[in-house]
Amino acid sequence: MRAPHVPRRAHAPPARTPMRTFVLRARAAPTDSQALLASVGKEAHPEILAHTLMNAVFVAQSHRPDVTVHLVLESTRDFSRTICFDANAMQDIGGFDEQALLGRIAKALDASRGMGKDEMRPVEPGVTVRTTSFERLVQALAEDHQLFVMDRKGTSIREQVFDGNPCFLLTDHIPMPKKTFHSLERLGAKKIALGPRMLFASQCVVLIHYELDQR
Ligand SMILES: C[S@@+](CC[C@H](N)C(=O)[O-])C[C@H]1O[C@@H](n2cnc3c(N)ncnc32)[C@H](O)[C@@H]1O
């Protein structure tokens, strides 16, 4: 008698969910925690960081696994600060409102006082802070991520094939400098668009999750 047919998938290891990584380059965001908190609603618009983090990590009554968010704050007297939130390792961060999230960002900035260039410190479970620039961060991410620069003039996200771990690069209200686009191109980054309207970074994150959730 022939052995019953067992579908291959029954023995295959469970498919690993790709990580979704978001990098928000916040060119106007102060690296001093008090200045950051005092500038909500003003020109620096640090609320963009909270909104982007909220939409990247949280869903109703839960959070999304397999998401990493790097917030790069660039208004600084010494070094940019890259704060990394790893949703798989994060514990209670005290709520998802703007004040709570900015509080976590401020805590990471306080933890980074006195750090030298390219150092890293843990802040709390799932949160680290580094004195790393956007350029160096992206160079490191390019080694094991597919890089995408969010840009209205790029290829529609609906036409884009995603293999491996996608990493989406966004800015606050200040555009990416032109020379950055060239160095990102050299790292293999592709421009992708979410339609013709200029959106907030946090709105882009929602639409990216929506598109990837369908696949
Ligand atoms: C408020 S926008 C930045 C606005 C900035 N003044 C500029 O000209 O780039 C914030 C981020 O969302 C991205 N973005 C906004 N609308 C988009 C769209 N329709 N498609 C793709 N990315 C978009 C931008 O590229 C940027 O990274």
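This passage walks through the fold of a predicted model, from the whole chain to its sheet, the ligand surroundings and a few individual residues.

The chain holds six helices and 10 strands. With 215 residues, a compact globule would have a radius of gyration near 17 Å, and the value of 19 Å found for the chain agrees with this. Along the principal axes, the C-alpha atoms fill a box of roughly 75 × 40 × 30 Å. Burial was assigned residue by residue, and 34% of the 215 residues count as buried. Contacts across the sequence are well represented: among contacts with a separation of 6 or more, 66% link residues that are 24 or more positions apart.

Eight strands come together in an open sheet with mixed pairing, and their order is S6-S7-S5-S4-S1-S9-S8-S10. The edges are taken by strand S6 (120–124) and strand S10 (190–193); each has a single partner strand, so one side of each is left without a neighbour in the sheet. Neighbouring strands of this sheet are turned by 30 degrees against each other on average, direction ignored. As a reminder, strands of a sheet pair through backbone hydrogen bonds, either parallel or antiparallel.

Strand S1 is a convenient place to look at this pairing in detail. In the order of the sheet, S1 sits between S4 and S9. On one side, S1 (residues 20–30) runs parallel to S4 (residues 67–75), and eight bridges join the two strands. Within this pair, Arg-20 stands opposite Val-67, and Thr-21 faces Thr-68 of S4. On the other side, S1 and S9 also run parallel, joined by five bridges, and here Val-23 is placed opposite Leu-169 of S9. S1 is mostly covered, with nine of its 11 residues buried.

Helix H2 gives a similar picture of burial, for nine of its 11 residues are buried and the helix is mostly covered. The buried positions of H2 are Glu-47, Ile-48, Leu-49, Ala-50, Thr-52, Leu-53, Asn-55, Ala-56 and Val-57.

The surroundings of the ligand come next. The shell comprises 16 residues, of which Met-150, Leu-170, Pro-175, Leu-194 and Leu-199 come nearest. Two or more residues of the shell are supplied by each of strand S8 (146–156), strand S9 (166–171) and helix H6 (201–213). The most is given by S8, with three residues. In character, the shell divides into 10 nonpolar, three polar and three charged residues.

Two loop residues draw attention through their backbone angles. Most residues other than glycine have a negative phi. His-45, however, has a phi near 45 degrees, a positive value. This histidine is found in the loop between helix H1 (33–38) and helix H2 (47–57). His-45 has 18 other C-beta atoms within 10 Å, so the residue is partly exposed. Asp-118 is the other case, with a positive phi near 55 degrees. Asp-118 lies in the loop between helix H3 (98–111) and S6. With 11 other C-beta atoms within 10 Å, Asp-118 is exposed.

Two further loop positions show which parts of the chain meet. Phe-162 belongs to the loop between S8 and S9. Because Phe-162 has 15 C-beta neighbours inside 10 Å, this residue counts as partly exposed. Apart from residues up to four places away in sequence, Phe-162 touches Gln-146, Leu-212 and Arg-215. The pair Phe-162 and Gln-146 is separated by 16 residues in sequence and by 7.9 Å in space, C-alpha to C-alpha.

Ile-174 is located in the loop between S9 and helix H5 (178–186). This isoleucine has 15 C-beta neighbours inside 10 Å and therefore counts as partly exposed. Leaving aside neighbours within four places in sequence, Ile-174 is in contact with Arg-27 and Ala-28. Ile-174 and Ala-111, for their part, are 63 residues apart in sequence and 26 Å apart in space, C-alpha to C-alpha.

Note on methods: Residues numbered from 1 in each chain as written. Predicted model: local features only at pLDDT ≥ 70, side-chain atom pairs only at ≥ 80, totals over all residues. Pairing = 2+ DSSP bridges. Helix = DSSP H or I, 4+ residues; strand = E, 2+ residues; numbered from the N terminus. Axes fitted to C-alpha atoms, helices over the stretch in contact; angles between N-to-C directions. Buried ≥ 20, exposed ≤ 12 C-beta atoms within 10 Å, placed from the backbone. Near = placed C-beta within 6 Å. Nonpolar A, V, L, I, M, F, W, Y, C, P; charged D, E, K, R; others polar. Rg over C-alpha atoms; globule rule 2.2 N^0.38 Å. Contact = placed C-beta atoms within 7 Å.
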